Amino acid sequence: MPFRRGNDARRRWRLSAKLLIAASIATVLGFSAICAGVMFDMRRGEEQLARRTLENLASGIEADISRNIELYDLSLRAVASNLEMPEIRGVSKELRQLILFDHAATAKHFGAIQVFDTKGNLTIDAASLDPQPENRSDEEYFAIQRDHPDTGLYVSRPMLHRGAYAIVLSRRITGEDARFLGVVVGSIRFSYFHDLFGRLNLTPGDTITVLRNDRTIIMRTPFDLDVIGKNLAEQLDWKSESLKVGGAFSGKGPVDDTPRLYVRRSSSGPLYVVVGKPLEAVFNLWRTEAIRIGTIMAFLVLFVLGATLVLAREIVRRADAEDKLEELATTDALTGLKNRRKFDAEIDREWRRAGRYGQPVALLMIDADHFKAYNDTYGHQAGDQVLVGIAICISDAVRRAGDCPARFGGEEFAVLLPNMTALEAFNLAETIRGKVQQWCEGELITTVSIGAASMRPLAGQQWSDLIEAADRALYAAKANGRNQSVLATVPKIALVA
């Protein structure tokens with residue numbers, strides 16, 4: 001049986017290896033979690049930066065559009081207000097043009113202001129004193145201004161107006177008695193939006209969408225006539241809650257399947273702006289950094305785990321080496337049984353333990369009969385074989401894990417039997433003696449004599465007293481004719497054959 005000290009040391013080594021592996025894994029998981037947290041923070045930072053950039057872009061675009069619509073609306077208001085005056089009907093065409101359109105906004109992207117009567121016929125055109133006959137009673141904006149007095153400024157759907165794609169801005173002309181007198185109309189051509197968006201430094205995949213409050217697309221870049229005029233409210237798979245006023249949305253939009261970060265600006269006017277940027281472009285720099293840091297982390301994880309496994313293996317190898325050294329230091333080289341050194345340590349430990357718990361400790365002292373004569377007759381090698389055979393018989397009979405068979409010295413053996421009574425020890429002694437007798441054959445038959453003793457440690461007693469009792473029983477067995485077992489009693493020795 002190994003030293004308890006050796007078992008404890010081996011367990012400590014094994015535990016150290018396991019703790020090293022567990023600590024390394026915990027360290028790797030901890031650093032990985034920290035790294036993942038940092039990467040997610042960087043990702044959120046990239047998204048917030050992109051969102052602020054898009055908000056600024058949308059704010060600038062919307063401010064430009066709102067300012068131009070407001071300026072143009074002031075011109076429409078002025079025309080409608082002047083037409084409500086009765087005196088305007090009595091002046092000449094030249095003077096009327098000067099009065100109505102003196103403060104009208106003029107720009108290359110703005111269409112000429114027109115006035116239509118109650119039946120939709122063109123009566124006044126800022127571009128001509130004698131306009132060509134024209135009727136717009138079937139247009140949506142005319143019907144809305146006629147039927148809804150409180151409409152105010154109305155922005156039409158994108159349409160072909162006077163030979164160019166544009167949005168039409170209209171206001172109702174109302175008389176003193178709230179009668180409908182007609183509609184004043186102006187237009188902003190698509191060239192205005194093309195020029196506005198063309199001045200921006202956009203990356204591939206970026207989108208800018210101008211929408212009416214009812215979610216009708218007025219303009220979009222990249223330009224696509226199939227998208228212009230489309231009402232997103234008609235799409236069942238796209239809800240207005242997905243992109244609230246002043247909010248942001250990440251994912252696929254209502255127009256195409258490209259995942260983008262969309263930002264919507266709040267607006268009190270008739271139009272609002274949504275700016276989108278592909279998520280791939282938003283997180284491109286982050287993805288590059290994530291791959292770089294992830295690669296470094298993966299290399300470090302592999303290195304740490306590899307080094308941990310190497311160190312753990314070395315710890316186990318060292319434990320095995322110490323086990324082997326312990327075994328060499330405590331094992332008899334010839335018989336394979338424990339040597340005297342280990343026997344002394346074991347009997348000291350078991351004696352103390354038996355004293356604490358009040359348990360018996362038994363001991364067998366075994367000696368080969370006539371061994372010197374056998375050794376002189378057949379030689380040392382034959383004598384060694386006899387000793388090995390006796391050791392095998394002892395090991396075959398002693399099967400409990402706590403027992404300690406040992407070579408006590410020369411041709412003498414000892415078997416320490418913790419927690420065993422005298423009778424049980426004597427029976428085991430007889431078993432060993434019978435096995436040896438059955439095994440030995442030849443011209444000179446070799447047998448063994450065995451002395452057995454069992455004691456419960458008392459105050460003042462030493463384990464040497466147990467050895468002395470078993471030894472005296474052994475001498476009694478030899479004196480009584482050999483090849484027998486003798487059970488010792490304390491203090492008196494009883495001979496049993």
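In this predicted model, five strands line up as an open sheet in the order β8-β7-β11-β10-β9, and the pairing is antiparallel. Two of them sit at the edges, β8 (217–221) and β9 (248–252), and each of these pairs on one side only. Going from one strand to the next, the sheet twists by 20° on average. Inside the sheet, β7 (residues 207–212) and β11 (residues 271–278) run antiparallel and are joined by six bridges. One residue to look for here is I208, whose bridge partner in β11 is V275. A helix comes into the picture too: α4 (residues 190–198) lies across β7 and β8, and it runs at about 35° to β8.

Next, the nonpolar cores. Nonpolar side chains in soluble globular proteins tend to be buried together. The largest nonpolar core here has 56 residues, and the members that touch the most others are I65, I167, L169, F193 and V210. The biggest share comes from helix α1 (residues 4–83), which gives 14 residues to this core. A second core, of 31 residues, lies apart from it and includes A362, I366, I394 and L487. Back in the largest core, I167 makes a handy example. With neighbours within four places in sequence left aside, the contacts of I167 include V155, P158, I188, F190, F193, I218 and L271.

Further along the chain, helix α8 (residues 371–378) has two quite distinct faces. Buried in this helix are F371, Y374 and N375. These three end up on the same side of α8 because they cover an arc of only 100° around the axis. K372, D376 and T377 are exposed, and they sit on the face turned away from that buried side. So what do the buried residues of α8 pack against? Their partners are β12 (361–368) and α9 (380–397). Right after α8 comes G379, with a positive phi near 95°.

The last stop is a hairpin, made by β13 and β14 with two residues between them. In the turn, G410 has a positive phi of about 60°. The two strands run antiparallel, with five bridges joining β13 to β14 (residues 412–418). Across this pairing, R407 stands opposite F413 in β14. Strand β13 (residues 404–409) is largely enclosed by the rest of the structure, because five of its six residues are buried.

Conventions:
Residues numbered from 1 in each chain as written. Predicted model: local features only at pLDDT ≥ 70, side-chain atom pairs only at ≥ 80, totals over all residues. Heavy atoms only, no water. Buried < 20%, exposed > 50% of the residue type's maximum accessible area, 1.4 Å probe, protein only. Helix = DSSP H or I, 4+ residues; strand = E, 2+ residues; numbered from the N terminus. Arc of directions from axis to C-beta. Contact = heavy atoms within 4.5 Å. Pairing = 2+ DSSP bridges. Core = buried A, V, L, I, M, F, W, Y, C linked by side-chain atoms within 4.5 Å. Axes fitted to C-alpha atoms, helices over the stretch in contact; angles between N-to-C directions.
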